[in-house]
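Biologist: I've never looked at this one before. Could you walk me through how to read it?

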Amino acid sequence: YFIRKGAHLTVYCILGLLSYNAWKQSWPSRAPWMWRWALLAVLTVIIAGSMDEWHQSYVPSRTASPVDAGIDTAGAILGQIGIAVLALRKRKATA
């Protein structure tokens, strides 16, 4: 149980990080971190996780769970927190 839930958290955290980078490339800025990029990354993961759970509801051997969608979202948020912390450390180091 914990391995499966941990996998959800990890995979969607990685998706959040990749999504953040994609949004950052779409709106270049000198800022190392922006709320816009993080929010769009989390929204992307929410949509992807929800669509995955919706798809699972049609697969006989799988079950859809709103808890899993919540864990997916938590993974994305943790990834964004990690990026923000690293960006703030980088900003302080260069200041």
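Modeller: Let's go from the overall layout to single residues. Keep in mind that this is a predicted model.

Biologist: Fine. How many helices and strands does the chain have?

Modeller: A good habit is to list the elements before anything else. Here there are three helices and zero strands, so the order from the N terminus is simply α-α-α, given how helices and strands are assigned and numbered. As for dimensions, the C-alpha atoms fill a box of roughly 55 × 25 × 15 Å along the principal axes.

Biologist: How do I check the length of a helix? What should helix 1 span?

Modeller: You multiply a rise per residue and compare the result with the distance between the ends. Helix 1 covers residues 2-26, and at 1.5 Å a residue its 25 residues should span 36 Å. Its end C-alpha atoms are 36 Å apart, which agrees. Helix 3 passes a similar check: with 29 residues, it reaches 42 Å from first C-alpha to last, close to the 42 Å expected.

Biologist: What share of the residues is buried?

Modeller: Of the 95 residues in the chain, 31% are buried. The cut-off you need is that buried means under 20% relative accessible area, while exposed means over 50% and partly exposed lies in between. From the outside, the chain exposes about 6,600 Å², and carbon and sulfur atoms supply 70% of that.

Biologist: And which residues of helix 1 are buried?

Modeller: They are Lys5, His8, Tyr12, Cys13, Gly16, Ser19 and Tyr20. Once you have such a list, ask what does the covering. For helix 1, the cover includes helix 2 (35-56) and helix 3 (66-94).

Biologist: What do the buried residues of helix 3 pack against?

Modeller: They pack against helix 1 and helix 2. The buried set in helix 3 includes Asp68, Asp72, Thr73, Gly79 and Gln80, along with Ile83, Ala84 and Ala87.

Biologist: Let me pick Gln80, then. Why does it count as buried?

Modeller: Gln80 counts as buried because its relative accessibility is 5%. This residue sits in helix 3. Leaving out residues up to four places away in sequence, Gln80 touches Gly16, Leu17, Tyr20, Trp33, Ala38, Ala41 and Val42.

Biologist: What about nonpolar residues? Which ones make up the largest nonpolar core?

Modeller: The general idea is that in soluble globular proteins, nonpolar side chains tend to be buried together. In this chain, the largest nonpolar core has eight residues: Tyr20, Trp33, Trp37, Ala38, Ala41, Ile83, Ala84 and Ala87. Helix 2 and helix 3 are the elements that give two or more residues to this core.

Biologist: Where does Trp33 lie?

Modeller: Trp33 is in the loop between helix 1 and helix 2. Don't assume a loop residue must be exposed: Trp33 has a relative accessible area of 16%, so it is buried. Beyond residues up to four places away in sequence, Trp33 touches Tyr20, Ala38, Gln80, Ile83, Ala84 and Ala87.

Biologist: And Trp37, is that one buried or exposed?

Modeller: Trp37 is buried, with a relative accessible area of 0%. You'll find Trp37 in helix 2. Its contacts, again without residues up to four places away, are Tyr20, Trp23, Lys24, Trp27, Ser29, Ala31 and Pro32.

Biologist: Can we try a residue that isn't buried? How is Arg36 classed?

Modeller: Arg36, in helix 2, counts as partly exposed at 42% relative accessibility. Ala74 in helix 3 is partly exposed as well, at 32%.

Biologist: How far apart in space are Arg36 and Tyr20?

Modeller: Sequence separation and distance in space are two separate readings, and you want both. Arg36 and Tyr20 are 16 residues apart along the chain, with 9.4 Å between their C-alpha atoms. For Trp33 and Leu43, ten residues apart in sequence, the C-alpha distance is 17 Å.

Biologist: What about contacts over the whole chain?

Modeller: Take the contacts between residues at least 6 apart in sequence: 60% of them join residues at least 24 apart.

Biologist: One last thing: how many positive and negative side chains are there?

Modeller: The chain has 10 positive and 4 negative side chains. To see how they are placed, compare the centres of the two sets, which lie 20 Å apart.

How values were computed. Residues are numbered from 1 along each chain as its sequence is written. This is a predicted model: local features need pLDDT of at least 70, side-chain atom pairs count only at pLDDT 80 or more; totals for chains, interfaces and linings use all residues. Side-chain values use heavy atoms; hydrogens and water are left out. Helices (H or I, at least four residues) and strands (E, at least two) are DSSP runs, numbered from the N terminus. Buried means under 20% relative accessible area, exposed over 50%, partly exposed in between (1.4 Å probe, protein chains only). Contact means heavy atoms within 4.5 Å. Accessible areas come from the Shrake-Rupley method with a 1.4 Å probe; for residues, only the protein chains shown count as cover. Lys and Arg count as positive and Asp and Glu as negative; His and the chain ends are not counted. The place of a charge is taken as NZ of Lys, CZ of Arg, CG of Asp or CD of Glu. The expected span of a helix is 1.5 Å times one less than its number of residues. A nonpolar core is a set of buried Ala, Val, Leu, Ile, Met, Phe, Trp, Tyr and Cys residues joined through side-chain atoms within 4.5 Å.
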